[in-house]
Amino acid sequence: MSSAEAEAIVDPKLFADFERLNLVLRDLRQAERMHRVEPEGFEPFWLAVHHEDIVAIEKASTRFLSAPRQPLFSLAHQERSRKAGGGSDSSHFIRNVTAMDGEEHRAYREISQAYFTPKGMEAVAASVENLAKEFIDKMVDAGGECDFARIAMNYPLRVIMSLLGIPQSDEPMMLAMTQQTLSGDDPDFNKEGTSGLAAVLNVRDYFMRYIEQLRANPQDNLASVIANARINGELLPERDVFGYFFIAATAGHDTTSYAISGGLHALLEHPAELAKLRANPALLHTAVEEILRWTTPVKHFCRTAAEDCEVAGKAIKKGDIILLCYPSANRDEGSFDAPFEFRVDRRPNRQLAFGTGPHVCLGQYLARLELTCFFRELLARIDDIEMTAPARFVEGHFVGGVKELPIRYNVIA
Ligand code: HEM
């Protein structure tokens, strides 16, 4: 397998072709465990495609650092960002847990951790359930036809924005910011080719005003806890407190939306599995894990080697970038029985959609809760669902999934 084939991994269009993506990744896994990739317009990197290697790299968090880069952006994108920042790169304006390591990372994560544990979920379960009902009501009101991806896009947005106390009227701005930052290569989301940093700077003043209000009038909620957090006795500096709101506001919704839209798409493409789930709703728990494995909305995160070392027989040099390819890990034949089969009762299922190790997704229990509430409600109230046109997927190599899913359905009387 040539480096050229591995280079496809930075082509946004590959991710819009779900089947081809998975076949390309299968070929890459069969060819080698670690690929050296040197695509034009990008810094060279190592591509890790095996489940076992990705887990090992994520767990060796002193050897493989999260700073300084999380997604791998093209050099052109980095240049556009620097221009938008008046010559400074984005870390000058914004920083969050994904870019931290060691003790600092632990301290920052701890600020909000309690809100996102399984115990923390008990406090929000009823409101998430109500929001799931509200969004299925919208499907009922739509009269039997809708673009399901729109429903799926707006429900997790409402969940996280209500947790952060952001009014509904500001949700479109938040959605645009997320799509331009995390999926900015998709022409539907970023018509003007805005750089990630320009989108970030658009909301900085908004968040800083909100943070000042919360500092003046502290409350007993997640947003106030973040705004008023102290490390070593000091309130967080602007780029870190803004970064905290930013990561909570962006990481917390479109990822979950793509799991929901892609989850329904998978069920519709596998009618026997949908029938199995309808016949036995107790399978919802394993079905949600399988949906997460199947859709894998986050396509990669990077690590940077802190020292010379070896991974799967390859000599990695200090400073080398490693791209952890989650969709590949989640179809790794060495870790899953028949990985190309979608099975709502798959057990065991060591899916890696949330990553692992110290940076494992902070919102994983919230995402699971949202998926569970939504599909439980959908299965109970909507039937005879069929696609009226093929699904369309996001173009982008960082975060993506089904962005358009026109369906027809019946409401259960
Ligand atoms: C299906 C939905 C989701 C998926 C697939 C997903 C996936 C991921 C992945 C792959 C990572 C990086 C893990 C690593 O580096 O090992 C991550 C980190 C993170 N996620 Fe999620 N996520 C989802 C939903 C959420 C939600 C609902 C929130 C709520 C706020 C959230 C907040 C975060 C945060 C704050 C981090 C950074 C954690 C750290 O660096 O310590 N995510 N997520």
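A residue counts as near a molecule if its C-beta atom, placed from the backbone, lies within 6 Å of that molecule. The model is predicted: local features need pLDDT of at least 70, side-chain atom pairs count only at pLDDT 80 or more, and totals for chains, interfaces and linings use all residues. Numbering starts from 1 along each chain as its sequence is written.

**Exercise 1.** Determine how many residues surround the ligand and which elements contribute to the shell.

*Solution.*
1. The ligand is surrounded by 29 residues, the closest being Gly 252, Thr 255, Gly 355, Cys 361 and Gly 363.
2. Two or more residues each come from α11 (238-251), α12 (254-269) and α16 (364-381); helices are DSSP runs of H or I with at least four residues, numbered from the N terminus.
3. By class, the shell holds 18 nonpolar, nine polar and two charged residues, with Ala, Val, Leu, Ile, Met, Phe, Trp, Tyr, Cys and Pro counted as nonpolar, Asp, Glu, Lys and Arg as charged, and the others, Gly among them, as polar.

**Exercise 2.** Compare the expected span of α11 with the distance between its end C-alpha atoms, and assess its burial.

*Solution.*
1. The expected span is 1.5 Å times one less than the number of residues.
2. For the 14 residues of α11 this gives 20 Å, which agrees with the 19 Å between its end C-alpha atoms.
3. A residue is buried if 20 or more other C-beta atoms lie within 10 Å of its own, exposed if 12 or fewer, and partly exposed in between, with C-beta atoms placed from the backbone.
4. Twelve of the 14 residues of α11 are buried, so the helix is largely enclosed by the rest of the structure; among them are Asp 240, Phe 245 and Thr 250.
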